[in-house]
Amino acid sequence: MQFKKGMLVGLIMVWIFPTLVLASARIVHITKNTVIVRMGAHGQDIVYQVVGTDKEDMDLYYLNTATQILKKITPPKKLRPFGPQVHEGKMLYAAGNFYKKVDIYLYDLKNSKHQTLEKNVPWIPSMALTTSENGPHLFYDSAKDFDGLAATINYRGGTVGNTDQGPWQIIGPIFRGNDIPPQYHEQIKNEYPAASVSHENDSLIVFQNNEYGTPNIYSLNLDKKSYARLLPSINYQERPAVSDRLIAWEESEKGFSVSNESEIVILDRHNGEIIRNFHKGFHFQARAFGPYAVYGAKRAPSLSTPSIRVFDMNKKIEYQAQNCFPGSIFDFVPGSEGVYVAQKVTSNSSRILFATWDQIKNECR
């Protein structure tokens with residue numbers, strides 16, 4: 001066999017620097033003329049929302065990472081879709097716009113069929129989708145009008161919570177019943193639900209509630225119908241995430257939309273242990289999977305670039321995951337094998353990257 005000069009250089013590079021080949025995150029998908037702004041992933045399924053032309057904004061996309069088959073998904077009505085999530089072959093999303101009521105759909109990726117779950121919801125800041133042996137479970141927060149007041153958590157799916165009779169609205173808890181007159185109870189906001197529905201009587205939803213003036217994180221055990229305020233604080237606790245092991249959220253002095261600095265708080269559901277990310281900087285958008293908390297960060301060494309970090313609750317170590325995904329990060333989803341990341345490449349293109357948990361633990365070095 002004869003070697004050309006370029007081949008020899010390449011072999012030397014692999015031999016001397018094998019981690020250059022093995023450690024970098026894998027490019028899963030590239031978009032042209034559109035930028036991915038929201039993404040959901042579960043197993044081999046990825047769904048995403050793009051910003052591009054007006055026509056391209058009207059569709060969602062489904063990618064099977066095993067077959068690399070890309071499918072365009074159009075809502076039943078001519079409404080702009082947003083916020084796609086996927087779990088066990090089902091995609092959840094809403095469609096509409098801010099000044100009109102929106103609809104919520106469940107789409108079966110295998111059968112290519114839409115199911116309308118809710119119609120004419122005023123506005124939805126956040127939705128959560130999970131499944132159990134009883135089928136998909138949907139949680140979403142909504143308001144009676146567009147000023148955001150009277151936000152409630154609504155629930156539908158499976159056999160939990162009398163769902164055969166329609167959505168179950170979580171309008172509590174009201175812990176200070178003697179201090180807050182009943183006519184003001186509807187002004188308490190319950191927002192940003194995240195859910196972990198298991199097979200072992202541990203179905204949990206977590207959300208933020210402003211009963212004490214600033215948002216704090218609450219949990220609701222769906223099986224026992226019991227509420228808990230997890231870690232009382234005068235600070236803003238916002239946008240929680242939950243896995244079978246962890247609950248994580250953002251905490252700041254003035255709220256994520258105003259504060260320049262914030263931290264991630266992680267609560268171990270198994271033993272009650274609490275970890276705080278005391279690194280100086282802005283931290284946001286917590287996600288959780290198993291023993292891992294994944295979150296966005298704007299901090300050293302790049303204060304202006306949104307990147308991600310991963311905290312391993314087993315080893316009590318924060319991994320510098322930005323080494324695996326250099327550049328600005330738009331969205332990210334942890335899963336059983338690793339973390340998917342959506343990243344803007346140019347003004348009108350983006351890509352999806354994937355790094356395994358082993359790569360992240362090695363910080364892609």
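Six bridges join strand 22 to strand 23, and the two strands run antiparallel. One residue pair in this ladder is A288 with A293, the latter in strand 23. The model examined here is predicted. Strands 22 and 23 belong to an open sheet of four strands, in the order 22-23-24-25, with antiparallel pairing. Strand 22 (282-289) and strand 25 (317-319) stand at the edges, each with a single partner strand, so one side of each has no neighbour in the sheet. The twist from one strand to the next averages 25°.

The link between strand 23 (292-299) and strand 24 (302-312) is a loop that holds P301. A cis peptide bond joins A300 and P301, with omega at about 15°. Most peptide bonds are trans.

A second open sheet lies earlier in the chain. Four strands form this sheet in the order 2-3-4-5, and the pairing is antiparallel. Its edges are strand 2 (35-42) and strand 5, which each have a single partner strand, so one side of each is left without a neighbour in the sheet. Neighbouring strands are turned by 25° against each other on average, direction ignored. Strand 2 pairs with strand 3 (residues 45-51) in the antiparallel sense over seven bridges. Within that pairing, G40 has V47 of strand 3 as its bridge partner.

Strand 4 (60-64) and strand 5 (69-73) are separated by a loop that contains Q68. Q68 is not a glycine, yet its phi is positive, at about 65°. Most residues other than glycine have a negative phi. Q68 is partly exposed, with a relative accessible area of 40%.

R239 also has a positive phi, of about 45°, and is not a glycine. Its setting is a strand: R239 is found in strand 18 (residues 236-242). A hairpin of three residues joins strand 18 to strand 19. The two strands pair in the antiparallel sense over five bridges. Q237 stands opposite E251 of strand 19.

Strand 19 (residues 246-252) is mostly covered, with seven of its seven residues buried. In a regular strand the side chains alternate between the two faces of the sheet. Both faces of strand 19 are covered. On one side, L246, A248, E250 and S252 are buried. On the other, I247, W249 and E251 are buried. E251 is thus both a buried residue of strand 19 and the residue opposite Q237. Strand 19 also pairs with strand 20 (residues 263-268), in the antiparallel sense and over six bridges. There, A248 has I266 of strand 20 as its bridge partner.

A further buried site is found at N209, which lies in strand 15 (residues 204-209). N209 has a relative accessible area of 1%, which is under the 20% limit, so the residue counts as buried. The side chain of N209 makes a polar contact with the side chain of Y218, at 3.5 Å. Leaving aside neighbours within four places in sequence, N209 is in contact with G172, P173, I188, K189, N190, T214, P215, N216 and Y218. Y218 therefore appears in the contact list of N209, given that contact means heavy atoms within 4.5 Å.

Key
Residues are numbered from 1 along each chain as its sequence is written. This is a predicted model: local features need pLDDT of at least 70, side-chain atom pairs count only at pLDDT 80 or more; totals for chains, interfaces and linings use all residues. Side-chain values use heavy atoms; hydrogens and water are left out. Buried means under 20% relative accessible area, exposed over 50%, partly exposed in between (1.4 Å probe, protein chains only). Two strands pair if DSSP finds at least two bridges between them. Axes are lines fitted to C-alpha atoms, for helices over the stretch in contact, and angles run from 0 to 180 degrees between N-to-C directions. A polar contact is a pair of N or O atoms within 3.5 Å; within protein, one must be able to donate a hydrogen and the other to accept it, and residues adjacent in sequence count only if both atoms are side-chain atoms.
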